[in-house]
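Please work through the following exercises with the sequence and the model at hand. Each task is followed by a solution in steps.

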Amino acid sequence: MESEQLYHRGYCRNSYNSITSASSDEELLDGAGVIMDFHTTEDDNLLDGDAASPGSNYNMSNGGGAPSSSTHLLDFLEEPIPGVGTYDDFHTIDWVREKCKDRERHRKINSKKKESAWEFTKSLYDAWSGWLVVTLTGLASGALAGLIDIAADWMNDLKEGVCLSALWFNHEQCCWTSNETTFAERDKCPQWKSWAELILGQAEGPGSYIMNYFMYIYWALSFAFLAVCLVKVFAPYACGSGIPEIKTILSGFIIRGYLGKWTLMIKTITLVLAVASGLSLGKEGPLVHVACCCGNIFSYLFPKYSKNEAKKREVLSAASAAGVSVAFGAPIGGVLFSLEEVSYYFPLKTLWRSFFAALVAAFVLRSINPFGNSRLVLFYVEYHTPWYLFELIPFILLGVFGGLWGAFFIRANIAWCRRQRSLSSGKYPVLEVILVAAITAVVAFPNPYTRQNTSELIKELFTDCGPLETSQLCQYRSQMTGSDAGPGVYSAMWQLCLALIFKIIMTIFTFGLKVPSGLFIPSMAIGAIAGRIVGIAMEQLAYYHHDWFFFKEWCEVGADCITPGLYAMVGAAACLGGVTRMTVSLVVIVFELTGGLEYIVPLMAAVMTSKWVGDAFGREGIYEAHIRLNGYPFLDAKEEFTHTTLAREVMRPRRSDPPLAVLTQDDMTVEELQATINETSYNGFPVIVSKESQRLVGFALRRDITIAIENARRKQEGILPNSRVYFTQHAPTLPADSPRPLKLRSILDMSPFTVTDHTPMEIVVDIFRKLGLRQCLVTHNGIVLGIITKKNILEHLEELKRHTEPLAASWYYHKKRYPSSHGSNGKPGSRVHHVQLIRSFQDGWGGRGDDSEDEEEVGLLDSSSL
């Protein structure tokens with residue numbers, strides 16, 4: 001009954017694959033063959049996905065000049081209509097229309113600012129609102145990042161013990177004021193007690209080791225369990241790093257709640273828990289999501305941004321720069337990251353505001369001083385030996401390793417995420433997180449390089465050895481006359497090799513869990529371990545074979561000419577570049593992160609090599625791969641379209657499809673118009689002169705038509721089913737006894753984007769990318785032939801890709817709507833709608849059924865764990 005009512009209201013939807021699915025949800029379909037199947041209920045209070053596409057925001061005022069006395073023209077559109085100009089969940093915005101709205105708003109403000117002092121003040125407020133919102137975003141991002149850093153360090157040390165003198169101190173802070181510590185054992189003080197000392201009263205022995213082992217596992221599982229439960233119950237969008245979703249949102253996609261206050265609060269809390277649990281993940285990626293949540297929330301304080309989705313994305317671009325700024329202490333790198341990696345539209349003023357937001361965020365973080373070293377970064381290093389030309393060879397080899405690691409990781413992680421959905425464990429995210437956390441804790445504890453916090457591990461690997469260092473990596477036989485490695489160095493090498501294998505395996509399986517997780521730090525850790533091993537090998541080679549021709553010129557006998565910490569830094573950059581395929585922004589981030597500006601050439605060589613090697617196995621980075629896996633409607637500007645197809649080969653309808661539904665400009669009735677809407681599920685309709693001429697007049701959105709008719713019936717009398725609907729300037733000549741006509745010219749787009757049927761698809765794809773179009777019409781000599789939507793572009797690209805990658809799997813969304821306060825079983829659930837990703841097989845539909853009892857556990861976005 002509900003579906004029948006929705007049908008008669010014009011909200012029913014056909015199959016995704018039908019030509020009539022040219023909707024905004026249709027646009028949402030990713031190239032991976034995604035299908036969105038919406039089951040609407042009375043609780044949605046939304047138009048259908050196709051019907052509810054973003055409508056026009058033009059002032060719907062009667063633009064006609066016909067005499068009202070003879071035709072009783074309806075003039076109900078003088079005031080804004082609720083719902084017009086806004087977007088529903090999982091829709092794509094119209095960039096061209098949003099920019100037109102902003103220009104019109106700006107012209108209106110400028111025209112009034114000289115009328116009074118109040119209007120002039122409003123114009124100043126409007127002009128400065130952009131700087132105000134990025135200032136607030138920077139302040140909030142810096143404060144939250146400092147809070148997360150401090151809390152994560154404290155909770156990470158809580159797994160090993162507690163400070164009796166001050167429970168809120170971590171291990172390092174606890175021993176700062178102690179007078180009973182020695183330089184060699186400066187991390188040991190009576191104020192800090194391990195769990196074995198507290199429970200058993202002894203610090204050494206097998207019993208003490210077992211107790212510390214047990215407590216380490218207990219706290220790791222507790223933190224992981226609490227994190228996944230909070231995400232599952234309160235904010236399913238808080239899982240992952242969020243960078244693939246932010247890239248998609250910045251390209252114009254709407255995901256309601258993804259940048260909301262609940263997501264911000266839960267992600268901030270669970271990020272601390274996830275990092276403290278010891279899982280192979282980092283907090284840097286999620287900090288970008290946290291910063292974008294701040295930017296989205298603050299944008300609602302300013303109408304300039306709250307009422308315009310395109311302008312709001314300028315704030316989000318600046319917020320992503322602030323997120324990287326506080327994640328790595330790299331404000332310039334953050335701006336370049338936003339420009340290179342996540343932003344879809346990045347005008348010059350957004351560059352300035354991104355720079356300012358990153359500056360403010362970095363200033364706040366420096367004021368908080370979470371690392372206690374009076375610096376923005378945790379990995380600050382000072383190397384005392386320059387690099388030599390022959391070292392470019394191992395640096396390039398590290399770049400090759402980074403590219404191979406990146407290609408392997410992307411394929412393995414995507415395969416694991418796909419496999420997850422066919423396994424029973426994929427239906428139980430809490431159990432999955434507990435299982436991975438348990439394996440990680442059990443295996444990590446015996447090895448000191450896997451037991452410690454990953455950030456601390458990277459810091460130790462980056463550090464140059466000197467007389468003050470007590471690490472095993474610096475236990476050389478002589479610190480003054482050469483680099484002859486001692487037993488501690490060789491022991492550390494074996495432990496690092498085991499840690500490398502452990503990190504590689506666990507990062508693949510951790511990246512995909514339903515907890516906040518970033519990829520930056522785990523990838524850097526893998527590269528830093530490999531780089532340190534290569535650096536020590538080169539150091540020993542130069543020491544024992546200093547007479548070799550390529551060492552003889554650069555290395556003096558008994559002198560240090562190799563810096564293993566530099567190799568760790570280069571390896572970290574190479575592995576992160578291989579996974580993300582970043583180049584310029586990555587190099588800047590790394591030298592800001594470490595202060596190693598002198599070593600920018602080795603970094604550039606390794607990062608570029610890793611990108612070339614990775615691209616040889618596939619041009620997609622990890623973020624693009626997960627965007628494609630999740631089926632997001634993202635047209636990647638980095639991909640080149642090299643095929644020779646034409647617009648007529650991609651447009652809908654095709655020859656085997658029903659003819660394109662069109663509206664005539666002045667000879668349809670309200671009943672006929674509603675019948676057209678009810679019988680189709682198009683997002684909009686071309687308006688033509690007449691059935692005979694087929695000449696294009698404009699384009700009317702389905703949602704605008706529906707809202708206009710409902711408003712007319714509610715506000716005006718005399719609108720009957722046989723009332724004439726016209727889109728022209730003047731009303732047509734009607735008999736005297738005709739009912740009042742309905743004028744809809746004000747909702748008509750008089751300048752829809754059109755291409756001819758012989759336009760190459762290469763040009764059409766570029767137009768969609770650069771203008772952010774949702775659809776364009778295909779004409780021949782002014783006669784409309786069909787329509788191309790973003791969905792059609794993505795389907796076409798995926799079809800071409802399947803010819804080159806026949807094993808590529810297709811995926812589609814299966815979205816179910818529930819009351820906002822209830823889950824799939826009718827019980828109170830999470831605060832957002834649930835999305836389930838199901839695999840499409842050629843012989844039928846696989847995956848979880850619609851009535852799966854565990855659907856609410858999955859929450860949202862089964863593999864958005866970046």
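The exercises below treat disulfides, a helix, salt bridges and a charged patch.

The model is predicted, so local features need pLDDT of at least 70 and side-chain atom pairs count only at pLDDT 80 or more, while totals for chains, interfaces and linings use all residues. Residues are numbered from 1 along each chain as its sequence is written, and side-chain values use heavy atoms, with hydrogens and water left out.

**Exercise 1. Disulfides**

Determine how many disulfides the structure holds, and state the handedness of the one formed by cysteine 163 and cysteine 174.

Solution.
- Step 1. The criterion is a pair of cysteine sulfur atoms within 2.5 Å. The structure holds two disulfides.
- Step 2. In one of them, the sulfur atoms of cysteine 163 and cysteine 174 are 2.1 Å apart. The torsion about their S-S bond is about 75°, and the disulfide is therefore right-handed.
- Step 3. Cysteine 163 belongs to strand β2 (residues 161–163) and cysteine 174 to helix α6 (residues 171–174), so the pair ties together parts 11 residues apart in sequence. Helices (H or I, at least four residues) and strands (E, at least two) are DSSP runs, numbered from the N terminus.
- Step 4. Buried means under 20% relative accessible area, exposed over 50%, and partly exposed in between (1.4 Å probe, protein chains only). Cysteine 163, at 0%, is buried, and cysteine 174 is buried at 1%.
- Step 5. Cysteine 465 and cysteine 474 form a disulfide with a sulfur separation of 2.1 Å. Here the S-S torsion is about -85°, so the disulfide is left-handed.
- Step 6. Cysteine 293 is in no disulfide; the nearest cysteine sulfur, that of cysteine 294, lies 6.9 Å away.

**Exercise 2. Helix α26**

Establish how many residues of helix α26 (residues 622–630) are buried.

Solution.
- Step 1. The buried residues of α26 are Ile622, Tyr623, Glu624, Ala625, His626, Ile627, Arg628, Leu629 and Asn630.
- Step 2. Nine of the nine residues are thus buried, so α26 is largely enclosed by the rest of the structure.
- Step 3. Glycine 631 follows α26 and has a positive phi, near 75°.

**Exercise 3. Salt bridges**

Describe the salt bridges of lysine 122, glutamate 795 and arginine 769.

Solution.
- Step 1. A salt bridge requires a side-chain nitrogen of Lys or Arg within 4 Å of a carboxyl oxygen of Asp or Glu. The whole structure contains 18 salt bridges.
- Step 2. Lysine 122 pairs with glutamate 119, with closest N and O atoms 3.9 Å apart. These residues are three apart in helix α5 (residues 117–158), and about one helical turn separates them. Lysine 122 is partly exposed at 40%, whereas glutamate 119 is buried at 18%.
- Step 3. Glutamate 795 and arginine 652 meet at 3.3 Å, N to O. This pair links distant parts of the chain, 143 residues apart: glutamate 795 is in helix α31 (residues 790–804) and arginine 652 in the loop between α27 (647–650) and β4 (663–664). Both residues are buried.
- Step 4. Arginine 769 pairs with aspartate 766 at 4.0 Å between the closest N and O atoms. Both lie in helix α30 (residues 761–771), three residues apart.
- Step 5. Arg256, Glu309, Lys312 and Arg313 are joined into one network by salt bridges that share partners.

**Exercise 4. Location of glutamate 672**

Identify the helix in which glutamate 672 is found, and its degree of exposure.

Solution.
- Step 1. Glutamate 672 is found in helix α28 (residues 670–679).
- Step 2. Its relative accessible area is 41%, so glutamate 672 is partly exposed.
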